[in-house]
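Got a protein model open and wondering where to start? Here's a quick tour to read alongside it.

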Amino acid sequence: MCEYYEINAKQYAKETFSTDMSEQYTRFLPLLGEQARILDVGSGSGRDACYFQKKGYQVTALEPSKNLCREIWKVFSGEIVCSDIQSYQPDQRYDGIWACASFLHLRLEEVLCFFGNIDLYLNDNGVVYLSGKNGIYTGEAEDGRYFLEFTEELVENILVVNERMKLKELWYTEDVRGRQGFRWMNIVVKMV
């Protein structure tokens, strides 16, 4: 796990907690039933976990950074698991998985391994939202974080590695924090 989030946890949480994700929420949440169980992968500031909990969903915040887990604890009253997705062993499956800007820090093999083993995490008819940067270099950045570029080829690979996953929606958005030089690829896939 990159030290970036350990060192910058307070600042990162402050900068991202109030980011407006309403467009993404409105495309994901209608695909879930009332009181659905959601796994928020790479919960970061806890922003999305808090939003889902306020809407009546049962939420688990999964975050590998110990210092970010401390920040989440300040704002979120649900279950917080301090672990990365590769090590996480859930005791029950979820109806929805929300991976906003978190899988972009995984290697391609790790993303494909996750989707190859999605049955460990996701119920039948479950829904996954994931987003990542499009138009960036895949590799390690100057700050030590690894980034995987999200491309349509990546989505095709996900759908090949698990034929039960079907693409519901793919769209691009500008960075809600106003950063330039890339766009966000947003993906919703469903287990059938």
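What follows is a short briefing on a sheet, a helix and some aromatic rings. Keep in mind that this is a predicted model.

**The sheet**

- Start with the open sheet, which is built from 7 strands with mixed pairing.
- Going across, you'll meet the strands in the order β3-β2-β1-β4-β5-β9-β8.
- β3 and β8 are at the edges with a single partner strand each, so each has one side without a neighbour in the sheet.
- From one strand to the next, the twist averages 15°.
- Quick background: strands in a sheet pair through backbone hydrogen bonds, and they can be parallel or antiparallel.
- Strand β1 (residues 37-41) and strand β4 (residues 94-100) run parallel and are joined by 3 bridges.
- Want a spot to click on? Leu 39 has Ile 97 in β4 as its bridge partner.

**Helix α5**

- Which residues of helix α5 (residues 66-75) are buried? They are Leu 68, Cys 69, Glu 71 and Ile 72.
- Looking down the axis of α5, you'd find these buried residues within an arc of 160°, so they line one face of the helix.
- A handy rule here: an α-helix has 3.6 residues a turn, so residues three or four places apart point the same way.
- On the face of α5 turned away from the buried side, you'll spot the exposed residues Lys 66, Trp 73 and Lys 74.
- The cover over the buried residues of α5 includes two helices, α1 (4-7) and α2 (9-16), along with the strands β2 (58-62) and β3 (79-81).

**Aromatic rings**

- There are 15 aromatic pairs in the structure.
- In one of them, the ring centres of Tyr 25 and Phe 52 are 5.4 Å apart and the planes are at 70°, so this pair counts as edge-to-face.
- That pair links distant parts of the chain, with Tyr 25 in helix α3 (residues 22-28) and Phe 52 in helix α4 (residues 47-54), 27 residues apart.
- Both Tyr 25 and Phe 52 are buried.
- Tyr 129 and Trp 171 make a tilted pair, at 6.2 Å centre to centre with 40° between the planes.
- Here too, distant parts of the chain are linked: Tyr 129 is in strand β5 (residues 122-134) and Trp 171 is in strand β8 (residues 165-173), 42 residues apart.
- Tyr 129 and Trp 171 are both buried.
- Ring pairs link these four residues with Phe 28, Tyr 51 and Trp 98 into a cluster.

**Charges over rings**

- Arg 107 has its charged end over the ring of Tyr 146, 3.8 Å from the ring's centre.
- Lys 133 puts its charged end over the ring of Phe 182, 4.5 Å from the centre.

Conventions: Residues are numbered from 1 along each chain as its sequence is written. This is a predicted model: local features need pLDDT of at least 70, side-chain atom pairs count only at pLDDT 80 or more; totals for chains, interfaces and linings use all residues. Side-chain values use heavy atoms; hydrogens and water are left out. Buried means under 20% relative accessible area, exposed over 50%, partly exposed in between (1.4 Å probe, protein chains only). Helices (H or I, at least four residues) and strands (E, at least two) are DSSP runs, numbered from the N terminus. The arc is that of the directions from the helix axis to the C-beta atoms. Contact means heavy atoms within 4.5 Å. Rings of Phe, Tyr and Trp (its six-membered ring) pair if their centres lie within 6.5 Å; planes under 30 degrees apart count as stacked, over 60 as edge-to-face and the rest as tilted. A charge sits over a ring if NZ of Lys or CZ of Arg is within 6 Å of the ring centre and within 35 degrees of the ring normal. Two strands pair if DSSP finds at least two bridges between them. Axes are lines fitted to C-alpha atoms, for helices over the stretch in contact, and angles run from 0 to 180 degrees between N-to-C directions.
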